[in-house]
Amino acid sequence: MTLQLNLSVVATVLPICLSTSPKHLHRYVNGTDCLHPLQRPPPFTLRGFLIPYMIMLVLEGIPLFYMELAIGQKMRLGSIGAWTAISPYLGGVGFASVVTSLYLCLYYNIINAWSFWYLFHSFQSSLPWADCPLNSNRTGALLECETATSTKYFFYRETLNISPSIEVNGGIHYGQAMCLVLAWGITYLLISKGVKSTGKAVTFTATFPYVVLFIYLIRGFTLKGAFSGITYMFTPNMEQLANPYTWINAATQIFFSLGLGFGSLIAFASYNQYNNNFERQAIMVSLINSGTSIFASIVTFSIYGFKATVNFENCLERMRVLLLNSFDLAEDSISLDTVTDWITKLNTTFPEEFAAIEHKIETCDLKNELKDAAEGPGLAFIMYSEAIMNMPLPQLWSVLYFIMLLLLGVGSMLGNITAIVTPLRDFKVISKMSSELFNGLVCVFCLLLGLGFTTTSGNYWFTIFNDYAATFSLLFIVLFEVIIVSYIYGIKRFEKDIEDMLGHAPNLYWKIMWLAVSPLLLICLLLYYIINYILGGTPTYQAWNKHLGKAEPMEYPVYCQLFIGLLLVSTVSCVPLNALYAFYQKRKQDKRRKSHALTTLSA
């Protein structure tokens, strides 16, 4: 949640194609996150995920992206004001978006803090995650590092200083805390002046990562095993396609990627000219966004293919040396290509001798290496850093990668913060404050709460927010939005608004999506999520076991389960609570009117 850049670069480099100036287009596409696979990879990656992803793009992503742009451009307000303008009872949908964006801001910037940590450590003659540190006796490597790997050790121990469970807290990691302060300081500097400064900043934060991606694409394709990773990426996994949770993850990934439900698109679109052609922009931005996500995944999997191939060949080499040392064989009699055949042959020919080394025999499987490379916590840091250290000039590639990751994260944070401050500035009390002061207060508030993620148990709380703070909320918010527009505001009224802004009414595809397909699909996904959560048993997380050198599943304690429930309820409750407040205010006003009328009559 999630680790979740925008498409402002599309607005910058393709203004003619999108028929608008970069000055206005950046304001709403800033909320999108096209390079998201590098920060918050889909749980199932793209293997068995690409088909649901593309279907969800057509049935949910593009229609709802179009709808949010239209609402923002028509109402000229942030998410709270826009839904309140439709009905005072519906302003809670906007509040739910703000709360979700707030949760995202709380934990998202810690990813930028990690990126700073890795970037600063990249300026060394030898990358610190390339080798295990010495033990206290200086007689060998640390046992925890040897049991795991040097890259895992650096992430879990040096970067996170992680505790053995969420219930054990050893205080703040001051290095990470300073990196988090730096991340929030940069975020504030870029948004301090409001949307105008955000647009200027995003031009660079969105452009440079594309340059790095192209460099990595060229480099990735020259690495051994790159195409094994790409082939693995595009190989369908039918088991995952049959799993409804894959479709929920695909929908959530679309929401994160396009910025749906967070309120950022409504906020940025509210600054557009009234007759801006948002229909063309919705289609172009959505398609280019998803195309860029796939492109970023191709780059990523080419690197993972290289990493998996290196690990696979290292495994074969270990088995080759083991066989040569255990049996009377010539040095050149076994090659990497024939290791598996020799294991079978020697097991059959010399069963007693083979039994003595059987416990040392490893199963070397490229597919398993690819699977391991594409899943697990800290993917963008552990796996990429492991691949980078095997490249020539690893410091150069490390600096380029983590600068890119930082710019992706900063670009995303700009949209996340704007989704909070723009709706709140529609309130009179806040509108009187300067942008610098209010934006600063929001950043300081998020920083103080975010320091909890820099504790030794902070990564476990990060996982809670990443898993539970947005998925259910976004499904709920977007479902309410499409129901409000289609059935409360009215599809005919909405159609007239679009015709007034664009000069033509939306075609049949849009209306079918808004009226039937999108809401029904969202209802099914939401119901499955709720049922799966209720019947799924006690939620678990991956706790780091330093003795085994890997993360193992562990059940959340009761207070964490209650906190998860609070996260889920906090956003949803905004809708009924706001409706009750609006009802109370209406009754109060009615009583005043009646009292005033009686006073007038008696006079």
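Two strands pair if DSSP finds at least two bridges between them. Helices (H or I, at least four residues) and strands (E, at least two) are DSSP runs, numbered from the N terminus. Keep that in mind for the hairpin.

Now, the ground rules. This is a predicted model, where local features need pLDDT of at least 70, side-chain atom pairs count only at pLDDT 80 or more, and totals for chains, interfaces and linings use all residues. Residues are numbered from 1 along each chain as its sequence is written, and side-chain values use heavy atoms, with hydrogens and water left out.

Start with the strands. The protein has two of them, alongside 27 helices. E1 covers residues 540-545 and E2 covers 550-555; they pair antiparallel over six bridges. Asn545 sits opposite Lys550 in E2. Four residues separate E1 and E2 in this hairpin, and Gly549 in the turn has a positive phi of about 70 degrees.

Next, the overall numbers. There are 603 residues, and 56% of them are buried. Buried means under 20% relative accessible area, exposed means over 50%, and partly exposed is in between (1.4 Å probe, protein chains only). The accessible surface is about 25500 Å², with 64% belonging to carbon and sulfur atoms. Those areas come from the Shrake-Rupley method with a 1.4 Å probe; for residues, only the protein chains shown count as cover.

On to the interior. A nonpolar core is a set of buried Ala, Val, Leu, Ile, Met, Phe, Trp, Tyr and Cys residues joined through side-chain atoms within 4.5 Å. The largest one has 155 residues, and Tyr216, Phe255 and Phe494 touch the most other members. Helix H5 (residues 91-121) gives the largest share, 18 residues. Another core lies apart, with 15 residues, including Leu316 and Trp342.

What does Phe494 contact, beyond its neighbours within four places in sequence? Met67, Ala70, Ile71, Val485, Tyr489 and Trp514. Contact here is heavy atoms within 4.5 Å.

Now charges. Side chains of opposite charge can pair when their charged atoms come close. For a salt bridge, we ask for a side-chain nitrogen of Lys or Arg within 4 Å of a carboxyl oxygen of Asp or Glu. The whole structure has ten.

Take Lys74 and Asp497: the closest N and O atoms are 3.6 Å apart. This pair links distant parts of the chain, from helix H3 (residues 50-75) to helix H24 (residues 491-502), 423 residues apart. Lys74 is partly exposed, because its relative accessibility is 25%. Asp497 is at 11%, so it counts as buried.

Helix H14 (residues 278-326) has Glu313, whose partner Lys224 is in the loop between H9 (195-221) and H10 (226-234). Their closest N and O atoms are 2.6 Å apart. Lys224 is exposed, at 54%.

H14 also holds Arg318, and its partner Glu362 is in the loop between H16 (351-357) and H17 (366-373). That salt bridge is 2.9 Å, N to O. Finally, Glu317, Arg320 and Glu331 are linked in a salt-bridge network.

Last, the surface. Leu520, Ile523, Leu527, Ile530, Ile531, Ile534 and Leu535 form a nonpolar patch, with about 690 Å² of accessible area together. Patches take residues with over 30% relative accessible area and no salt bridge; like charges are joined within 9 Å, nonpolar side chains (Val, Leu, Ile, Met, Phe, Trp, Tyr) within 5 Å. Ile523 lies in helix H25 (residues 508-535). It is partly exposed, at 34%.
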